[in-house]
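Hello,

Here is the structure you asked about. Please open it first, then read the notes below it.

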Amino acid sequence: MANINLWGGVECTVNRVGDQYFDQLAKSGHDCRLSDLDLFADLGLTKIRYPVLWEHVAPKHPEQQNWAWATERLHKLRDLNIDPIVGLLHHGSGPRYTNLLDPDFPQKFAAYAKAVAQQFPWVTYYTPVNEPLTTARFSALYGLWYPHKNDDASFAKALLNQIKGTVLAMRAIREVNPNAQLVQTDDLGYIHSTPTLQYQADFENHRRWLSWDLLSGKVDQQHPLWNYLTNAQVPEEQLLELVANPCPPNVIGVNYYVTSERYLDEHITEYPLHTHGSNGRHKYADVEAVRVTSAVPLGVQNLLAQVCERYPENQIAITEAHLCCTREEQMRWLAEVWDSALFLRNQGKNVIAVTAWSLLGAFDWNSLLTEERGFYESGVFDVRNGKPEPNAVAKLLKGLAGSADRHPVLQIDGWWKRSCRALFPALPDTPENWHLPLEQLAAPKQKTSKPLLITGATGTLGRAFARICDVRGIPYVLLTRQEMNIADEALVEKALRKYQPWAVVNTAGYVRVDDAENEPEACYRENAQGPVNLAKHCHARGIQLVTFSSDLVFDGHKGEGYLETDLPSPLNVYGGSKALAEEQVLKLMPGALVIRTSAFFGPWDQHNFVYHALRTLAHQEFFEAAADTFITPTYVPDLVNTTLDLLIDEECGIWHLANEGTYSWAGLAEAAARVAGVEPNPWLQSKPQEEFHYLAPRPTNVPLKTSKRAVLPPVEDALRRFLFASEIPFRPLLPKVEEGEEDSLLAAQA
C-alpha cells in the first residue's frame, strides 16, 4: 500500500485592518518559543510550512532587515531533519511601504524574496504568497482587510499583483537556488446553488482555480474568465505574459475547510441577515453548504480528485487541514482528510501529503481577523496556559501513518456528515419548537463496541453529559442508581463487564451539603467509596475514569485563588468526603481524571442559582444572596465540553474547571441581572453568609484558579450564552417560583 507524508503548519497570518496589524505568531507565543520546534519534530513531520514573513523581517524599510529570528529557527528545523516550506506573505498586504494595489508590489516583493534566498540558500521549498485568491477576495472584493476595497477591478489587480509577485519571487529565488520548488496554496471549495443562481455558482466555480491557472499559464482567450478579467481592467498583455512564461507550481497546495463549500439561495428570508448579499442581478444568501438540508457537499476526496484531473502533471498536497470544534470532531476531520488522500494515492493519483495545520491553534478567525476578541481555537497543541500542551490530535497524528488503533470516538462520522449538520431552512420560532426532542437536532446513534458510561442519570450533570454526547456524536450509556449503584462494588463490576466502555464519567454522588452533617456515613459512602470502587475496577480493566470534586475541599483561608496543587482542608462533611475521594481514587488509579468545579449553572433546568435569581428579580420580588462568600461560577456546557476534551486527551490528575471571574453570590445575581437587562435594585438584598444559618460551615473565599490549559471563557460570556440557550425562554416576566421549589433552588448557593 502506498503512503503519504505528514506535514505541519503554524498559523502565522499577519493581516492588516485599517492601521492595525494582527499577528498570529505573537498571539500563540510561538514568536518567543524555539522549543516548539522539538514538539513538532516529535510528531514525525517531514515538512513544515514555516513563516519568514516580509512584515517581520523588514517592517519599516526594505533595506532594514532583521534575520535573527528566522535564522535561529530555520537552522533548528534543518538540525531536526524537517524541510521548511518557507512562506513570505500570509494573508498580508505587505509592510507599510507597500500594499496589494501598489503598482510596484511585485518588484518590491521579489526583492525581498531574493534576500531570503541569499540568506538561506539551502532552503528548497517556498510558498511566496499564501492563498492569493482568498487574500484578494477578503482585501479587495469584500473589503474586510487592507486596503479595504470592494470592486472587481481592485480584486483583479490585487490577485494579479500577488501572482506576478510570486512569478518574480520564484525567478529571484531560483537565481540563488535553481532547485527551488513552488508549493502554491489556496482554498479550494465548491459553490452549490439553487437553479436560479446556477450562473453565479458557475462563475465562482471557475474562479476558484484562478491562482493555479494563472501560474500555470492557462488563462488565455479561451479561459472562462478571460472576459471577466479584461473587463476588470487587467491588461491583456499581462495575462498573455503569464501564458508565454508560466511559473507552474511544483506542488498544488489545497486548503479545504468545512466552510469551503458554499450554497447560494435567492430565498433570503430563510437565512440570517449577515448571510445576505447581492451580485447586482439577484439578492441571495451565501451560506456554508454543509448547513443546508438540500445541499450535498462534495467533500475533500471528490475535490482532491478534481484537482488531480485538472493538474495531472503536478504533485498534490493538502496544505491545511484543521477544524475549529470539539476534540473528537477535530480528530474525525483529520482522519477523514488523511484517509481521503491515502485512498487517492492508492488509486495512483499524485497526492503526496496532508498538512496538520494550525499546530498551535489560531486566534480570532471566527471574526475573520477583523476584531481582536481573543477567541482561541485549539490546534494539535493547546497554548492557553502559555506553553504548548499536546492533546489527542497529536496522538492521532503520530499513529496515522502506522497501524495504531484509533480512538473509539472515531468510529462515528463527523458532524458534517450527520443529520445535525443542517440548519437551513430554519424551523419557525414557535412555542411548539422550543422543546423539540433532542434526537431531532442531533445525530442518531451509530453502533460502536465501546460506549462512554455515564453515572447519575437523574442529576443535572449526568443529563448534561448525555445531551452533549448526543450533539457531539459520542455513543454513551446513561445509568441510574438502580442500574449501577457505584457504592456497590459487585454492581460496578457487573456494569463494566456488560457495557465494556472505553471510559466512565461519574456524576453520581451525595449532593446535600447541610444534610451531610447529620448523615456522614451516607455522604462518605456515595462520595468516597463509590468513586473508589469505580477507580479500582476501571484501573483493572484499562478503562478511563473521570469523577468530580468541589471547591469545598478548601477552607477559604488562602486569601487568593486555589490551584490544583493546593492541599485540601475541608470545613464540612461534604468537603471531607470529596477530599478523601480525590486522595484514594488517584492512589488506586493515577491515570484517573478528577475535576474540581464550583457553583455550576446551566440552560437545561431551573434548579440553579442563576435561573432562580433572574426569575425572582424579573418579578420584582426580593432575592437574598450572600455578599461575603466568593466563588468561581461554572457554566455547565463549558464544564461538560471541556471535561470530554480532557478525557479524550487522556489527561489525568486534578484539574480545576470554572469560568474566569470571581463573584460573591450577590455579585453573581447582579451580573446575571445586568446581562439579562433585569433591574436588580431594590430587589437584590445582599447579606452576610452567617444570616443564612447553614448547618454545614462554608468557606467564604474559594475561587478556583488553574495552572493548566483548561481555561474556560469569562463568566459574563457564559451568562450571555446561558440566556440565549436556555430551554425555558426568558420573557419580560419569567415563570414564577412554584410552591415547594424555593428551598431546593436556594440550596444551589451551597
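D213 has a relative accessible area of 0%, so it is buried, the cut-off being under 20%. This is a predicted model. The partner of D213 is R310: the two form a salt bridge whose closest N and O atoms are 2.6 Å apart. R310 lies in helix α12 (residues 299-310) and D213 in helix α9 (residues 210-215), so the salt bridge ties together parts that are 97 residues apart in sequence. Unlike D213, which is buried, R310 counts as partly exposed because its relative accessibility is 31%.

The whole structure holds 43 salt bridges. Among them is the pair D36 and R33, with 2.9 Å from N to O. D36 is at 0% relative accessibility and so counts as buried; R33, at 12%, is buried too. Another salt bridge joins D102 to K108, with 2.8 Å between the closest N and O atoms. Here D102 is buried at 11%, while K108 is partly exposed at 31%.

Another charged residue to look at is E329, in helix α13 (residues 327-346). Its relative accessibility is 2%, so E329 counts as buried. Leaving aside residues up to four places away in sequence, E329 touches L323, G414, W415, W416, R418 and R472.

Last, a helix pair. The axes of α21 (residues 665-676) and α22 (residues 715-725) come within 10 Å and cross at roughly 55 degrees, so the two helices are oblique to each other. Their crossing is right-handed. Residues making the contact include L668 and A671 of α21 and V715 and L719 of α22. By type, the contact residues are 8 nonpolar, no polar and 3 charged.

Regards

Notes. Residues numbered from 1 in each chain as written. Predicted model: local features only at pLDDT ≥ 70, side-chain atom pairs only at ≥ 80, totals over all residues. Heavy atoms only, no water. Axes fitted to C-alpha atoms, helices over the stretch in contact; angles between N-to-C directions. Helix = DSSP H or I, 4+ residues; strand = E, 2+ residues; numbered from the N terminus. Parallel < 35°, antiparallel > 145°, perpendicular 65-115°, else oblique. Left-handed = near helix turned anticlockwise from the far one by under 90°. Contact = heavy atoms within 4.5 Å. Nonpolar A, V, L, I, M, F, W, Y, C, P; charged D, E, K, R; others polar. Buried < 20%, exposed > 50% of the residue type's maximum accessible area, 1.4 Å probe, protein only. Salt bridge = Lys/Arg side-chain N within 4 Å of Asp/Glu carboxyl O.
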